[in-house]
Amino acid sequence: VGGQSTGTATVDIEARRLELDTSSRFEGRNLGDFDARLAEVRDLVIAADVAGVLQDGRLDARRLRIALIPEGGREILRVEVLQPVSLGLDSWEVVPETWGEPALRIEMDRYPLRWTRGFDPAVVVEDGAVSAALDVVPINPRHTVLATHEPIRANDLRFSAGDSGVRPPPVDITIVPRIGLDAGTLEATIERFEMTVQTGLRVEFSGGVTTSRERWPVLAAEGVLDLRVPALQRTVASLDVVHGGARFELDLSRMMLLLDRALLDVFDGGGRSLMSVAFDNENPLAIAIPAMMANWEGSDTQELRVRFEGLPIGWVGPYVPELDFAGGALYGELAVVTGGGRGVTLEPVEPFQVRGLEPLYRGIALTTDATVSLEPRLRLDNASARFVLDNVQVRTPSGGRLDGQVVLEAPRDGRKRIATELRFEGHFPGITGRIGRLGALSWHQRADIDVPHRRVEVAEIGLALTDVAGTQFLILEELRPFI
């Protein structure tokens, strides 16, 4: 560490007062040898231009400009006073000569966040860069405004793996805020918050945000959310955006979203709501971000309702052998029946309906005017998600019927596999009558769905066919598992 300084310094030892009028330049190399927390900084120049008085923990500055300059010569951080001010070095209190006018400007130009790793025991943010330009405008002794000249941008943020052991993908964040400080409490109106992840996840928010010295780095927020979730779009192509209001907290130290209340709609590309979610918790639902993994056993759900208002069912086709759906939309409502730290179970308010069903068997239309009812049940906990379609009933005007059950269970182990079990029994005389004196068909299947590769690995399958008198004459079973 070395440096040089020009100017004057006057020391009053008795009054513990230091008067400065200097321009200084300090250079540091291999700073990790000086302080282990600075291991990431390496070479750094600090340029300081100061004119003022330092006494009793306050700097009364007539002139102040400090810049950090790493190897390469670009100023990555600049702090400059815009009028004479008194700065509290411990409290960061800013008392200007003229209230209501900008007193301090803080600018960051791709400031490397890896430099903060040594000062953060949790090492939440491992890398990334922040760019911002803020003016500190003290309005009165209790209220200060932070005025932004341009959006605050944090690019290529890389977070630690944390307890999950899975390193999240890089994140880009853009914020357009209006920020106020009232006696240590930060209140911000967010005109635009946008977070994008390399996986395609996109989160936008506008509304109010508050925090305080005591609660930092926890932010409380309430406003409007917009989400584009690629996993939803990959499953149901017609889903476009999730939109609605929410109240939540964001814990930056743990990268955790604590969802208290939400009313969200899922829209298709034409702007029509296909499903809605109403959510209210006594204890917030903790969701790890950006992985979006929820702790269903840690919340106390008071209300959770999921309403389907025409959700297409065509996405089921790839996972049901030989069967496709040219049409069909789901209508109904699920409501929470259990919660309180044991996970969440949702059951139907009344049997669901599928309207406009057009099933195809190997491209052949089975029917176009069937009535369908079913009872979906959903169980969510920290180990798995279990989805059951009970009492599936399909009826056609020609006397055709189908009854059965579907069970889907997905462990939360990161493998993206879904265990399935299907059982159906049906009779469609309008079709079998064209072939001969055939009766009912029964079908059961146990398989795993490999979601990333969009394939079904069948472990067990059985088909049985009867004649019109009910005598079973054909049985087909697997000899070994197949794909």
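**Aromatic pairs and their surroundings**

Reader: At 11% relative accessibility, does Phe248 count as buried or exposed?

Author: The relative accessibility of Phe248 is 11%, and the class called buried takes in values under 20%, with exposed over 50% and partly exposed in between (1.4 Å probe, protein chains only). The model is a predicted one, in which local features need pLDDT of at least 70, side-chain atom pairs count only at pLDDT 80 or more, and totals for chains, interfaces and linings use all residues. Residues are numbered from 1 along each chain as its sequence is written, and side-chain values use heavy atoms, without hydrogens and water. Phe248 therefore counts as buried.

Reader: What is the angle between the planes of Tyr111 and Trp115?

Author: The structure holds 4 aromatic pairs (ring centres of Phe, Tyr or the six-membered ring of Trp within 6.5 Å; planes under 30 degrees apart are stacked, over 60 edge-to-face, the rest tilted). Among them, Tyr111 and Trp115 form an edge-to-face pair at 5.8 Å centre to centre, with an angle between the planes of 75°.

Reader: What is the relative accessibility of Trp115?

Author: Tyr111 counts as buried because its relative accessibility is 15%. Its partner Trp115 also counts as buried, and the relative accessibility of Trp115 is 7%.

Reader: How many residues apart in sequence are the parts that Phe205 and Phe248 tie together?

Author: Phe205 and Phe248 form an edge-to-face aromatic pair, 5.4 Å centre to centre and 75° between the planes. Phe205 lies in strand S14 (residues 202-212) and Phe248 in strand S16 (residues 239-251), strands being DSSP runs (E, at least two residues) numbered from the N terminus. The pair therefore ties together parts whose separation in sequence, in residues, is 43.

Reader: In which strand is the place of Ile46?

Author: Ile46 is partly exposed, because its relative accessible area is 33%. Its place, within residues 44-55, is in strand S3.

Technical notes: Helices (H or I, at least four residues) and strands (E, at least two) are DSSP runs, numbered from the N terminus.
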